[in-house]
Amino acid sequence: MTVDIRVIRAGQMYRYYLRETVVGDGRRPARTPLRVAQEQAGVPVGRWMGRGLAVLGLAPGEEVTEAQLRNLFGERGRHPDADRIEADRLAAGDTPKKAFKAGALGRRVMVTGVDFVFRPQPTIYLLWAFGDEETRRAIEAAHEYAIERVLEWIEDEVAVIRYGKDGIYRVRPPGGLVAARFRHYEARSGRPLLHDHLLLSVKGQRLDGKWGSIHTLALHENTVAASALYNEIVAAEVCEVLGLATEPRTVTPGRRPVMEIAGVPHELICWTARRSDQIAACLTELEHEYVTAVDDDGELKFLPVVSERARAKLNQMAARKTRPPKRKTRPLAQLRAWWKASAILTSGVAADIITSLLKHARAAAVAIRARVAAVVDVALAAVDVTATVFVMNEGGRFHRRHLLAEARRHLALVLRGRRRDPGLDDRIVAAAISTHCLDISEPTTTIGLLSDYRLYTARWSLSDLPARRRPPTPAPDPDWQPPANPGEPAAHRPPGQDAGEWEIPRIPLQYERAVLAGAVVREKLRTTTATAVRGRAYDVVAHQRAAMPEQLLAPAAADLENDEQEPEAGRQEAVDLTALRALRESRTDVEALDLTADRLRRLQEVFTKAADDSRVRADRYPEQDDADAARPVHQDDQQAHHPQGPGPHRGREASP
């Protein structure tokens with residue numbers, strides 16, 4: 001995700017934001033005014049945003065002062081100009097108590113806001129870092145426009161004020177919300193990273209004029225949908241203004257592909273990803289410790305595989321362990337000169353490509369737009385969205401916000417950087433719910449009746465996919481002995497490999513199964529619907545196949561008149577694993593493959609064989625019986641082992 005969220009509390013956390021975040025993540029000198037500290041750091045001043053500014057007597061784009069930040073976020077939710085209001089009331093003869101109450105926005109709260117961090121895709125801020133001034137201003141304008149659109153969507157469809165007993169009443173803030181935006185230019189590693197902190201106040205005004213607090217849980221629940229909307233808008237704006245196009249790239253095998261600007265070398269992304277490399281190396285070590293952790297009796301603490309849930313928690317631990325100290329901020333002009341010189345010397349990309357990066361991206365965009373037509377079919381998009389969400393969510397249950405986030409990802413994939421019609425994502429979600437989803441809600445509370453909290457599942461079953469079955473518990477190894485030192489691995493390693501070099505068993509990622517599920521459902525619809533609908537379906541897929549390497553394209557459809565003829569000699573019918581490997585190396589989206597029924601069957605066999613191989617490798621590690629009540633229980637222990645099949649068992653080898 002490119003949008004993160006963090007709660008802001010009055011007290012020490014607010015002081016952290018006032019000391020570092022508002023001055024470009026630097027270290028603000030003591031007793032230095034905010035404006036002076038921002039000028040010394042070379043970052044712009046904060047700006048107010050949101051429709052709720054009109055109620056407070058502020059205007060969008062006004063400078064955010066230190067006193068206003070202190071009142072709204074540090075003084076438990078007071079009016080930004082509470083000092084002026086209180087002074088005016090005292091001058092008018094009010095008591096100090098009434099004057100103080102006049103500057104309050106309802107009841108005082110400890111959670112005063114949330115911090116949304118917006119950052120564009122790496123290829124976008126690389127163009128921003130290496131481009132000329134015109135390119136930089138265009139990308140920053142697109143970045144700001146995307147933030148404004150996301151904030152409007154939060155105001156209209158996400159933010160709610162709860163009131164009444166147990167918060168049974170929920171209402172949208174009709175006047176909108178208030179937020180302060182602060183811009184940063186670099187990451188902790190010193191590499192370019194254009195991103196904005198949007199400090200969103202939880203205070204909102206109800207229809208009766210009283211002030212209440214925004215339900216922060218609703219903001220957390222819709223962060224993924226907000227991230228998908230921001231990614232889609234910022235890429236479309238940058239592409240339309242600068243004449244570019246996007247392409248899907250598979251960064252991590254088995255995970256969802258990301259949409260990046262075409263023509264920007266992936267080596268430049270690796271040049272900026274110093275933190276990612278550090279986190280990946282630390283994550284490998286933590287996974288090794290996880291699968292070999294034993295208690296005092298020499299028994300494994302956890303299941304000897306790394307689930308997706310455990311992997312996410314270990315990734316957070318790795319990010320904290322490898323987090324470097326913050327650097328002293330520098331002016332943007334100096335940073336851009338240093339970034340370009342560093343990229344030329346250390347990235348491995350030719351200097352002429354870096355100096356003319358926008359030109360290369362435009363040339364790639366011309367080739368893509370000449371071959372790829374922006375065709376959006378709402379009915380087929382609903383199929384893909386429902387199949388992916390159904391597989392990706394535990395138990396096949398999901399809410400509307402999951403469909404909305406996936407619909408926005410689908411549009412970004414299909415449109416390749418073009419703007420879309422407003423409300424097209426909502427139309428796809430509506431089609432998915434009405435055609436392919438079954439409402440299984442059993443509301444026992446008032447909130448369960450709301451449309452945002454209705455629970456859905458898919459109407460059809462993916463019977464063609466291998467079922468998720470628990471691998472058999474391996475028989476205990478009579479030669480296995482518990483390690484004398486708890487730090488030693490709890491299982492045999494292959495000969496000739498040291499600790500950290502052996503393959504760590506992981507549960508295959510769910511997105512692999514989601515891709516296959518969408519292909520299975522599309523194939524069912526193509527073979528069971530009318531010819532006109534099938535023709536439209538193949539037209540929609542054609543634009544994805546157009547931008548693929550020639551060796552990866554599916555063979556042309558057979559002619560019905562010559563259907564009885566023998567196939568040509570040498571024609572390849574099985575799945576081309578070499579082509580699949582080339583597809584992965586080219587970082588092209590796996591979903592772009594047009595899978596026929598015969599290819600689906602062979603691909604399932606490949607996936608099933610890989611899953612069986614992974615279970616054989618996992619059998620090398622002793623697994624404790626689930627019914628053993630004496631096993632120590634850890635907070636992060638996996639409650640159940642649900643391998644997502646089909647999907648190849650992929651293990652990452654650690655660096656020696």
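# A tour from Asp83

Select Asp83, which has a relative accessible area of 36% and is therefore partly exposed. The model on screen is predicted.

**Stop 1: Arg70 and Asp83**

Add Arg70 to the selection. The side chains of Arg70 and Asp83 form a salt bridge, with 2.9 Å from N to O. Arg70 belongs to helix α4 (residues 66-74) and Asp83 to helix α5 (residues 82-91), so this pair ties together parts that are 13 residues apart in sequence. Arg70, at 31% relative accessibility, also counts as partly exposed.

**Stop 2: the whole chain**

Zoom out and colour by secondary structure. The chain has 23 helices and 13 strands. It contains 656 residues, and 50% of them count as buried. Take the contacts between residues at least 6 apart in sequence: 74% of them join residues at least 24 apart. Switch to a surface view: the accessible surface of the chain comes to about 31,700 Å², and carbon and sulfur atoms account for 52% of that area.

**Stop 3: further salt bridges**

How many salt bridges does a search of the whole structure find? The count is 31.

Select Arg401 and Glu221. These two form a salt bridge in which the closest N and O atoms are 3.9 Å apart. Arg401 is in helix α18 (residues 400-415) and Glu221 in helix α9 (residues 216-221), so the bridge ties together parts that are 180 residues apart in sequence. Arg401 is buried, with a relative accessible area of 16%, whereas Glu221 counts as partly exposed at 22%.

Next, select Asp439 and Arg454. Their salt bridge brings the closest N and O atoms to 3.0 Å. Asp439 lies in strand β12 (residues 437-439), while Arg454 lies in the loop between β12 and β13 (456-458), so parts that are 15 residues apart in sequence are tied together. Asp439 is partly exposed at 36% relative accessible area, and Arg454 counts as buried at 19%.

Then select a set: Glu133, Arg136, Arg137, Glu140, Glu144, Arg181, Arg183, Asp196 and Arg336. A network of salt bridges links these residues.

**Stop 4: His436**

Select His436, which is found in helix α19 (residues 424-436). Is His436 buried or exposed? At 9% relative accessibility, it counts as buried. Now show its surroundings. Apart from neighbours within four places in sequence, His436 is in contact with Ala379, Ala382, Val383, Thr386, Ala431, Thr457, Ala458, Arg459 and Trp460. For one of these contacts, draw a C-alpha to C-alpha distance: His436 and Thr457 are 8.4 Å apart in space and 21 residues apart in sequence.

**Stop 5: aromatic rings**

A search of the whole structure finds six aromatic pairs. Select Phe116 and Phe118: their ring centres are 6.2 Å apart and their planes stand at 40°, so this pair is tilted. Phe116 and Phe118 are both buried. Add Tyr230, since ring pairs link Phe116, Phe118 and Tyr230 into a cluster.

Two rings have an arginine over them. Select Phe100 and Arg78: the charged end of Arg78 sits over the ring of Phe100, 3.9 Å from its centre. Then select Tyr163 and Arg206, where the charged end of Arg206 sits over the ring of Tyr163, 4.2 Å from its centre.

**Stop 6: the nonpolar cores**

In soluble globular proteins, nonpolar side chains tend to be buried together. Return to Phe116 and add Trp128, Phe130, Ile154, Leu244, Leu268 and Trp339. Of the 88 residues in the largest nonpolar core, these seven residues, Phe116 and Ile154 among them, touch the most other members. Which residues does Ile154 touch, not counting those up to four places away in sequence? They are Phe116, Ala159, Leu177 and Leu219. A second core, separate from this one, has 21 residues, including Leu34, Ala37, Val64 and Val178.

**Stop 7: Thr292**

The last selection is Thr292, in helix α12 (residues 274-292). Thr292 has a relative accessible area of 7% and is therefore buried. Add Leu303 and draw the C-alpha to C-alpha distance: Thr292 and Leu303 are 9.4 Å apart in space and 11 residues apart in sequence.

Note on methods
Residues are numbered from 1 along each chain as its sequence is written. This is a predicted model: local features need pLDDT of at least 70, side-chain atom pairs count only at pLDDT 80 or more; totals for chains, interfaces and linings use all residues. Side-chain values use heavy atoms; hydrogens and water are left out. Rings of Phe, Tyr and Trp (its six-membered ring) pair if their centres lie within 6.5 Å; planes under 30 degrees apart count as stacked, over 60 as edge-to-face and the rest as tilted. Buried means under 20% relative accessible area, exposed over 50%, partly exposed in between (1.4 Å probe, protein chains only). A charge sits over a ring if NZ of Lys or CZ of Arg is within 6 Å of the ring centre and within 35 degrees of the ring normal. Helices (H or I, at least four residues) and strands (E, at least two) are DSSP runs, numbered from the N terminus. Contact means heavy atoms within 4.5 Å. A nonpolar core is a set of buried Ala, Val, Leu, Ile, Met, Phe, Trp, Tyr and Cys residues joined through side-chain atoms within 4.5 Å. A salt bridge is a side-chain nitrogen of Lys or Arg within 4 Å of a carboxyl oxygen of Asp or Glu. Accessible areas come from the Shrake-Rupley method with a 1.4 Å probe; for residues, only the protein chains shown count as cover.
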